[in-house]
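Here are my comments on the model you sent round. They are set out as numbered points, each on one part of the chain.

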Amino acid sequence: MDGYVITVLSNIGMISFIALSAYLLLITGEISFGQQAYFGLGAYAAGAATAMFAQPIWVGILIGACVAGFVAVLVGALTLRLSGLYFSISTLAFAEMVRLVLLIVEVQVEVDGEMVGPDGANGFHDIRWMFERDISLTEFMFIIYALLAVVLIALLLMERSRLGSVFRMLGSDDLLAEMQGLNTVRYRILAAGMAGAIAGIGGALYAHFTTYVEPQFFNAMLGVHALAYGLIGGLGTAFGPLIGVAIDLGFLEAVRFIQGYRMIVFGGLVAVLLILMPRGILDEERVHRLKVLFSRRNDAGARGR
């Protein structure tokens with residue numbers, strides 16, 4: 001497979017994690033512009049684990065997810081009593097604070113005669129786990145999609161559980177959820193922690209795929225795009241954000257003649273879809289129709305046998 005195609009597919013897989021992170025908050029009724037912060041924290045934490053302290057990559061990914069999830073819980077506890085625009089602005093402010101902190105943090109250790117670790121504005125170099133173990137880009141892409149499949153299946157199972165119903169109840173009618181005796185703040189903090197951990201996994205994979213990360217990558221535009229993916233793909237299922245990522249990083253990347261106008265095209269697409277499909281392509285109604293259709297086909301197939 002061509003190296004360029006592998007890189008694009010890998011990027012789609014890694015960015016899908018932050019898209020799912022933003023989606024999880026969207027279904028609870030919260031709009032976050034700051035999920036890039038947890039993506040970045042996961043990248044730096046996982047990179048430090050493998051490059052600085054010689055830990056296996058699975059340990060690095062776990063550490064990245066835990067660090068991002070823990071920080072998300074702390075931030076959630078402080079901000080989720082806010083609502084609407086106030087919450088959105090607070091998430092953006094936090095993400096920018098994380099980016100600025102990463103610009104000045106310099107924590108390095110000597111590894112094989114070289115200094116390795118975060119170096120402020122110069123970024124974090126030599127996250128070379130993939131090369132040290134002779135892992136090809138194709139093999140790492142399979143690792144990315146294997147983890148993405150695990151996260152996606154977990155989210156799909158969650159959506160069919162009581163917890164998923166509670167999250168959607170929070171998004172549709174917060175007052176009704178409180179009348180049902182639910183502690184809405186506690187559930188929102190739980191959703192924030194889960195969303196942060198998912199973004200952290202994506203960041204950990206990104207750091208090891210690129211072998212180099214810098215604070216400037218985790219900027220506000222990454223958070224805006226992560227939010228837009230769910231709004232484009234739809235909030236009816238966890239597959240929705242993946243469609244949004246595929247449209248932006250797959251289709252728009254493939255159509256070369258619009259490369260110079262890609263952001264304009266993407267912004268226009270978001271605007272049009274929000275007007276025509278306020279809940280995205282796979283909104284709750286379309287997902288329900290698809291489930292009914294598949295159920296009828298399965299019943300008809302069973303009767304035919």
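Is Gly-267 buried, partly exposed or exposed?

1. Gly-267 has a relative accessibility of 36%, so it counts as partly exposed, because that class covers values between the 20% limit for buried and the 50% limit for exposed. The residue sits in helix H12, which covers residues 262-276. Leu-242 is 25 residues from Gly-267 along the chain, and the two C-alpha atoms are separated by 17 Å. As with everything below, these values come from a predicted model.

2. Helix H2 runs over residues 35-52. Its 18 residues should span 26 Å at 1.5 Å a residue, and the C-alpha atoms at its ends are 25 Å apart, so the length agrees with expectation. H2 is mostly covered, with 18 of its 18 residues buried.

3. Ala-54 comes just after H2, in the loop that leads to helix H3 (57-79). Its phi is near 55 degrees, a positive value in a residue other than glycine. Most residues other than glycine have a negative phi, so a check of the backbone here is reasonable. Ala-54 has 63% relative accessibility and therefore counts as exposed.

4. A second positive phi is found at Asp-112, again near 55 degrees and again in a residue other than glycine. Asp-112 belongs to the loop between strand E1 (109-111) and E2. With a relative accessible area of 79%, Asp-112 is exposed.

5. Asp-112 is also part of a surface patch of negative charge, together with Glu-110, Glu-114 and Asp-126. Asp-126 is in another loop, the one between strand E2 (114-116) and helix H5 (129-132). Its relative accessible area is 31%, which means that Asp-126 is partly exposed.

6. A nonpolar patch also lies on the surface, formed by Leu-175, Leu-176 and Met-179. Together these side chains' residues have about 330 Å² of accessible area. Met-179 is in helix H8, residues 174-179. It counts as exposed because its relative accessibility is 65%.

7. The whole structure contains 8 salt bridges. One of them pairs the side chains of Glu-132 and Arg-133, with 3.4 Å from N to O. Glu-132 is exposed, at 58% relative accessibility, while Arg-133 is partly exposed, at 42% relative accessible area.

8. Another salt bridge brings together Arg-168 and Glu-159, at 3.6 Å from N to O. Here Glu-159 is buried, with a relative accessible area of 17%, and Arg-168 is partly exposed, with 23%. The 20% limit for buried lies between these two values, so the partners fall in separate classes.

9. Glu-284 and Arg-279 also meet in a salt bridge, with an N to O distance of 2.4 Å. Both partners are partly exposed: Glu-284 has a relative accessible area of 29% and Arg-279 one of 36%. Through salt bridges that share partners, Glu-159, Arg-168, Arg-279 and Glu-284 are joined into one network.

Definitions and conventions
Residues are numbered from 1 along each chain as its sequence is written. This is a predicted model: local features need pLDDT of at least 70, side-chain atom pairs count only at pLDDT 80 or more; totals for chains, interfaces and linings use all residues. Side-chain values use heavy atoms; hydrogens and water are left out. Patches are made of residues with over 30% relative accessible area and no salt bridge: like charges are joined within 9 Å, nonpolar side chains (Val, Leu, Ile, Met, Phe, Trp, Tyr) within 5 Å. Accessible areas come from the Shrake-Rupley method with a 1.4 Å probe; for residues, only the protein chains shown count as cover. A salt bridge is a side-chain nitrogen of Lys or Arg within 4 Å of a carboxyl oxygen of Asp or Glu. Helices (H or I, at least four residues) and strands (E, at least two) are DSSP runs, numbered from the N terminus. Buried means under 20% relative accessible area, exposed over 50%, partly exposed in between (1.4 Å probe, protein chains only). Lys and Arg count as positive and Asp and Glu as negative; His and the chain ends are not counted. The place of a charge is taken as NZ of Lys, CZ of Arg, CG of Asp or CD of Glu. The expected span of a helix is 1.5 Å times one less than its number of residues.
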